[in-house]
Amino acid sequence: MKKIECLAPAGTLEALRAAIMGGADAIYCGGSQFGARAFAGNFNHDEMIEAIHLCHLWDVKLYVTMNTLLYEDEIKDAMKEVAFYYQIGVDALIIQDLGLFDCVRFTYPDFELHCSTQMHIHNAPGVQIMKDLGASRVVLARETPIEVIQDCCRLGIEIEVFSYGALCVSYSGQCLMSSLLQNRSGNRGACAQYCRMQYNLYNEDHRETISSVDKYLLSPKDLNALDHLDQLIEAGVTSLKIEGRMKRPEYVYLVTKTFREAIDAYYEGKKYQVTKERLDELKLMFNRGFTLGHLFHTNGKSLLNMNRPNHVGLPLGKVVMANRDGFTVKLEDELNQQDGLRILDEKEDLGYIANMIYVNDRLVNHASKGELVTFKDKRFVEVGSIVLKTTDSKLIGKLETFECVRKVDITIRVEAKVDFPMVLVLSDGTHTIEAKSEMIAQKPIKAPIEKERLFEQLLKLNDTAYQCASIQGNIEPFFMPLKQINELRRVAIEQLNSIRENDKQRITIPYIMKNYMLNSTFNQDWIEINKEEQIQNTNYIQCTSNPILLDKYPNLYPLSSVINESGQYLEDKTHVISEIGGLSVNDKPYATHHFNVTNSYALEFLYKQGIQCVELSQECSIEQIQLCTSEFEHRTGFKAQIAIFAYGRRDLMTSKTCVVNNLCKDGSKKNCALCKTQSYSLVDIKNNHYPLFGDTNCIQHILESEPYQVSNTNRYPMVLRFTIENEFETKEACENNHL
């Protein structure tokens, strides 16, 4: 039985070594370009070569993230990076951009491609589409529940699931808040983490703030599914993904080692449960509080840490005395010199490194639970403040040696005959090498080299990637200096290392060329509506995801919701689609901006799937739109049929988490109509109001403060979107845009 894959992160070579020592089956990392963690360490070309050699030596796969959106002038450079990764033997690329996906599939049909979670695949039809198009693996959206995961796993393609680490409150690939408000695109690796900032909930109808002591209304806890790995394994999941390319090596090692233990225990028929000691260690490395997330239907406040957006470590004690010279803490746990602390305060937390610890006015390097410790610090600290331990120096010291959790099994066979060189054969089950000694075996004058002594020398593998599964020998009495035997072992190991490090195993998945025709009938404006009062008396296309309106008004086009976990679509209808699963619909001429199309190759990808008109990404400038369309026409001879977003409040975030429900009711489904009966907004510390809109699928959309409008001097087909607008506002916007 093939075990589920333990997939670990690495932002540096040191973290990569930590993941290997911790027992990872595969590691994902980013290069210096086109990875969705612009602020991680990332790997230059020389480091990437070293990384691939290290991974393959230890029988670990290496996946490289190229999971950002690409603009037209970046495609050529991206393909140069792909060529480099292909040449050095990277095992797979993790890709978001549909254009890059298609280019790589065409150019390198034997290069394994994984659909990034940024590609926003969250239902079985979406998985099937990408399987049919040659993807080897789909990384499902973090929000995907276990039942949908099971459906996806039945489709005969590898499924990867996030199982530990940071969560996004918005669906990946569908968060534009950082991009639209600060010009830092999360889809291009530069997220400003607006979900980790302070907000108030505001009732716009009553003009009042909804009272809440906690202000981090969008900040999720960290995912931890360790105690539910059996359910994920039995669902058919291929790979368990640990988040953390920006985490320190010790974090990577400890989390990877814990997953290794849990996975191995399952296949040995043992029940694995994280001990309290190990859980505390995990919490000390990093945690915002743990949750099972939407993976196992965690909803409401229990999904979030609304009190703090950062690492909370473990409780250490409380401040019992403070003055201008320092403060005293009564310990609830042990404290060591160099531990990191955080003293919680309503206005601003205080960070502190325990360089100098005083107990009874005596300088110490350790204090025990129950003791009073004093820190000499002139910053203000309030009596009663909670103190957290955020770094444990003793734990870091224990972990930083990276004790090896597992090694590669090899078999050893040796032949030793007088007057012949000694022959050593090593095999890892796939590769076999044969090495011969420089010196011939001599007839022993006194004591021959005994078999046991020879085996003892050959089994000295501690400083290598290997452990011996079996050793055999055809040995007659002989003599050879131990130095020569050790040299033969070293040479043989180096030969096996070399062949393993440079091994490039690839399986070709034929690329099927698709032709397409563009029908100008569909090259026209369209309107998205969500309420009956927004329906217009116009000949232009009007679409909605509201099933009540679709039943009442047959002329409305179905708009496939941006979140459609059921994978159900209306039969015999012309659809406007918003996610990859919608490509399974027969009649789907229109694709919305949710596909994140930013280049001509992504345009062509969608045209090949039957789309006739594509709304380009809302992150594209007019100049980028012009370059995209002109390059498409130059390359293909067709005039690109696109639309641009011309009016409406754009989605800043799209989320399963309902802030209104969390604060106004108890978080249960029966209260989901709240956001439809009254108007609410999130208000940031600068008093910007972001309206909250709940769609008919109970998905919360955080909207722009004011409707976006663009001057359409090029007269591209337009998209107008109406969410919270009333009848008058809808009519006025249509008239202003000449619809």
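This note sets out points on the fold, cores, largest pocket and two backbone positions of a predicted model.

1. Overall dimensions. The chain has 739 residues and a radius of gyration of 30 Å, which agrees with the value near 27 Å that a compact globule of this length would have. Along the principal axes, the C-alpha trace extends over about 110 × 75 × 45 Å.

2. Secondary structure and contacts. The model contains 19 helices and 39 strands. Of the contacts in the chain with a separation of 6 or more, 68% join residues 24 or more positions apart. Buried residues account for 57% of the 739 residues.

3. Largest nonpolar core. In soluble globular proteins, nonpolar side chains tend to be buried together. Here the largest nonpolar core holds 160 residues, and Leu93 and Met130 are the members that touch the most others in it. Helix α9, spanning residues 249-267, makes the greatest contribution to this core, with nine residues.

4. Second core. Separate from the largest core is a second one of 26 residues, among them Val659, Tyr690, Leu692 and Ile702.

5. Surroundings of Leu93. Leaving aside residues up to four places away in sequence, Leu93 is in contact with Val64, Met66, Val82, Tyr85, Val104, Phe111, Glu112, Leu113 and His114. Of these partners, Val64 and Met66 fall within β3 (61-66), a strand that also supplies at least two residues of the pocket lining.

6. Largest pocket. The largest pocket encloses about 1200 Å³ of space and is lined by 40 residues. Those nearest its centre are Asp25, Asp59, Val60, Lys61 and Gln505. Strand β23 (408-416), like β3, provides at least two lining residues. By residue class, the lining comprises 21 charged, twelve nonpolar and seven polar residues.

7. Glutamine 193. This non-glycine residue has a positive phi, near 55°, and is placed in the loop between α7 (177-182) and β8 (199-203). Its relative accessible area is 40%, so Gln193 is classed as partly exposed.

8. Glutamine 338. A positive phi, of about 80°, is likewise found at Gln338, which is not a glycine. Gln338 belongs to the loop that lies between β15 (335-336) and β16 (340-343). Because its relative accessibility is 43%, Gln338 counts as partly exposed.

Terms used: Residues numbered from 1 in each chain as written. Predicted model: local features only at pLDDT ≥ 70, side-chain atom pairs only at ≥ 80, totals over all residues. Heavy atoms only, no water. 1 Å grid on protein atoms, 1.4 Å probe; cavity = no way out; pocket = protein on both sides within 12 Å on 5 of 7 lines; lining within 4 Å. Points joined across faces, edges and corners; volume = space filled by probe spheres on them. Helix = DSSP H or I, 4+ residues; strand = E, 2+ residues; numbered from the N terminus. Nonpolar A, V, L, I, M, F, W, Y, C, P; charged D, E, K, R; others polar. Core = buried A, V, L, I, M, F, W, Y, C linked by side-chain atoms within 4.5 Å. Buried < 20%, exposed > 50% of the residue type's maximum accessible area, 1.4 Å probe, protein only. Contact = heavy atoms within 4.5 Å. Rg over C-alpha atoms; globule rule 2.2 N^0.38 Å.
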